[in-house]
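User: I'd like to learn how to read strands, sheets and ring pairs in a model. Could you walk me through them?

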Amino acid sequence: MINHYLLLRRLGAELEALLQNAVLSIAYSPQREDLQLLFKQEDAEFTLKLNFATDLSLLSFWSDVAGKPRQYEKQFTQLWGKTLLSVTAIAGERMMCMTFDNGMQLWLRFFGRQGNVLLTDATGKFIGPFRRIIKNDYDFDVNLYTKETKFSEVINEAITQEPVWWQKRPLELAQTDISLFDLINLLENGSACLLPSTNQPGLASQQIPGSSSYPSIIEAYNSFFRTYLPDFLLEQEKRRLLQPLNDRLKRLKQKEKEHQQQLKQLAKESHFEHWGKLLLSSAHLIPPAVSKAEVDDYLIGKKVIIKLDPKKSVVQNANRYFQKAKNQLIEAQQLENLSGITSYEIAQLEEKIAGIQGSNQLKALRKIAEKTITPTEFPFRRWTMHGLEIWLGKNARQNDELLRQVHKDDIWLHARNHSGSHVVIRSAGKKVPQPVLEAAACWAAWHSKGKTENLCAVMYTQRKYVRKPKGALPGAVIVEKESTLLVHPSPPPAS
């Protein structure tokens, strides 16, 4: 475990040897969970960095002073210009105390996510914390940590009660002949290393296979700081960026699944046109005003029962089934179009997610996030009918954008003498079936100020005959060589 008492005792002794009688020139926070203490001693300068952004309380010590960022928050100004007298590890605790010549003390607490730095005055009165978010620290009492405690009692409490920094040692001791205190003494004088199992700082009485040795605990901490913090922040940023993308991907996949299920259901019910033909071919055999008819199905060689509206003739019932078949075809085309759009968005999202997961640098990751975190949505309403796409602008700005994106030979429609949406049939010069033209005209009328009229005039022409004058208001155009349709305004289906 990082920051256990034995490590901190060695670390405190090394820091005191380097910083005793050094002056704290400034303490500041360049980021929310990052504290930097800058010391000056004769001609040398040092930086003590503390970071509480990870699952561990991290410390590093550098024999230089980096330039301060443009924005930072001043910390512990009461200690600026004061001389450091001592650095002491608190017996049996994951804490160190730094005492200054004005009697004030900085308490460095290494409690993982609850780590903090606390300031007290010469009488031991609590002044304030670095991490103000930890409310329990406002009840900080130095008397809990200033009682004299024998080291043997600390070890005994840690072993017999709730082991904090020595969890596995009792089990290991049962298989060895060495006593506990002999082992402690060996480790206290052991060499600093990064343990192979966790890559965290530790002490070893002898060389451990796979471990990296260091001449001091400070250098072991520095090495761990350099590797662990960037990796942790990178993974943390990945999780933050991936969560909304994975949530959206899950919704899109469910949406795509629903589209496929609806298409399968429509395929099962694709018999309406066939039923209409059967009714017409057997019209002379079906009596009037009946609710069902039994007719021969020449495809399967047996009779089928077809429900009828008794108030309508056989021909009218046949036309009703033909209309159902037509509506099913439109619905199926729309579902296929929506499914294609959804599949495209899924592919885009999966590519973005793979890019974020494969990034191994924080700067590169943030650049990817800036470009990919917000999925791009199609700007217009869109339908498919008889294999042709129909686009409709939602507002004046989109009407202008619509004109810029479509083909010059596409068919453009707009309600005559009324403000409203631009509608374009993406035909690219191909002949547009009359039902498609009439449907697009009805939708253009519906999305205009003329939607309340019984019959609305809608003009249409090729896109190349629609131009936007320089300086015209959004949505304003000049139209040439247009034709006109009189239609009843009707709303389009869901796009």
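Analyst: We'll go through strands, then a sheet, then aromatic rings, then a loop residue. This is a predicted model, where local features need pLDDT of at least 70, side-chain atom pairs count only at pLDDT 80 or more, and totals for chains, interfaces and linings use all residues. Residues are numbered from 1 along each chain as its sequence is written, and side-chain values use heavy atoms, with hydrogens and water left out.

User: Let's start with pairing. Which strands does E7 pair with?

Analyst: The general idea is that strands of a sheet pair through backbone hydrogen bonds, either parallel or antiparallel. Names come from DSSP runs, numbered from the N terminus: helices are H or I with at least four residues, strands are E with at least two. Two strands count as paired if DSSP finds at least two bridges between them. Here, E7 (residues 95-100) pairs in the antiparallel sense with E6 (residues 82-89) over 5 bridges. E7 also pairs with E8 (residues 105-109), again antiparallel over 5 bridges. To find the register, look for Ser 86 opposite Thr 99 and Met 98 opposite Leu 106.

User: And what do the turns look like?

Analyst: E6 and E7 make a hairpin with 5 residues between them, and Gly 92 in that turn has a positive phi of about 70 degrees. The E7-E8 hairpin has 4 residues between its strands, with Gly 103 in the turn at a positive phi of about 90 degrees.

User: Are the faces of E7 covered or bare?

Analyst: Buried means under 20% relative accessible area, exposed means over 50%, and partly exposed is in between (1.4 Å probe, protein chains only). For E7, 6 of its 6 residues are buried. Met 95, Cys 97 and Thr 99 cover one side, while Met 96, Met 98 and Phe 100 are on the other. Take Thr 99: it counts as buried because its relative accessibility is 17%. Contact means heavy atoms within 4.5 Å; leaving out residues up to four places away in sequence, Thr 99 touches Thr 83, Leu 84, Leu 85, Ser 86, Met 104 and Gln 105.

User: Now a sheet. In what order do the strands of the E11 sheet run?

Analyst: Read across it and you get E12-E11-E13, an open sheet of 3 strands with antiparallel pairing. E12 (201-204) and E13 (212-214) stand at the edges with a single partner strand each, so one side of each has no neighbour in the sheet. The twist averages 40 degrees from one strand to the next. Angles like this run from 0 to 180 degrees between N-to-C directions, with axes fitted to C-alpha atoms, for helices over the stretch in contact.

User: What holds the register, and what packs on top?

Analyst: E11 (residues 191-194) is joined to E12 by 4 bridges, with Ser 191 partnering Ala 204. On the E13 side there are 3 bridges to E11, and Cys 193 has Ser 213 as its bridge partner. Helix H1 (residues 5-19) packs on the sheet, touching E11 and E12, at about 95 degrees to the direction of E12. Helix H5 (residues 217-268) lies across E11, E12 and E13, running at about 5 degrees to E11.

User: On to rings. How many aromatic pairs are there in the whole structure?

Analyst: A pair of aromatic rings is described by the distance of the centres and the angle of the planes. Rings of Phe, Tyr and Trp (its six-membered ring) pair if their centres lie within 6.5 Å; planes under 30 degrees apart are stacked, over 60 edge-to-face, and the rest tilted. The search finds 13 pairs. One of them, Phe 272 with Trp 275, is edge-to-face at 6.2 Å centre to centre and 80 degrees between the planes. Both sit in helix H6 (residues 272-281), 3 residues apart, about one turn of the helix. Phe 380 and Trp 391 are stacked instead, at 5.6 Å and 25 degrees. Phe 380 is in the loop between H8 (362-372) and E16 (381-385) and Trp 391 is in E17 (residues 388-392), so the pair ties together parts 11 residues apart in sequence.

User: Last one: where is Leu 455 found?

Analyst: Leu 455 is in the loop between helix H10 (434-446) and strand E20 (456-462). Beyond four places in sequence, Leu 455 touches Val 487 and His 488.
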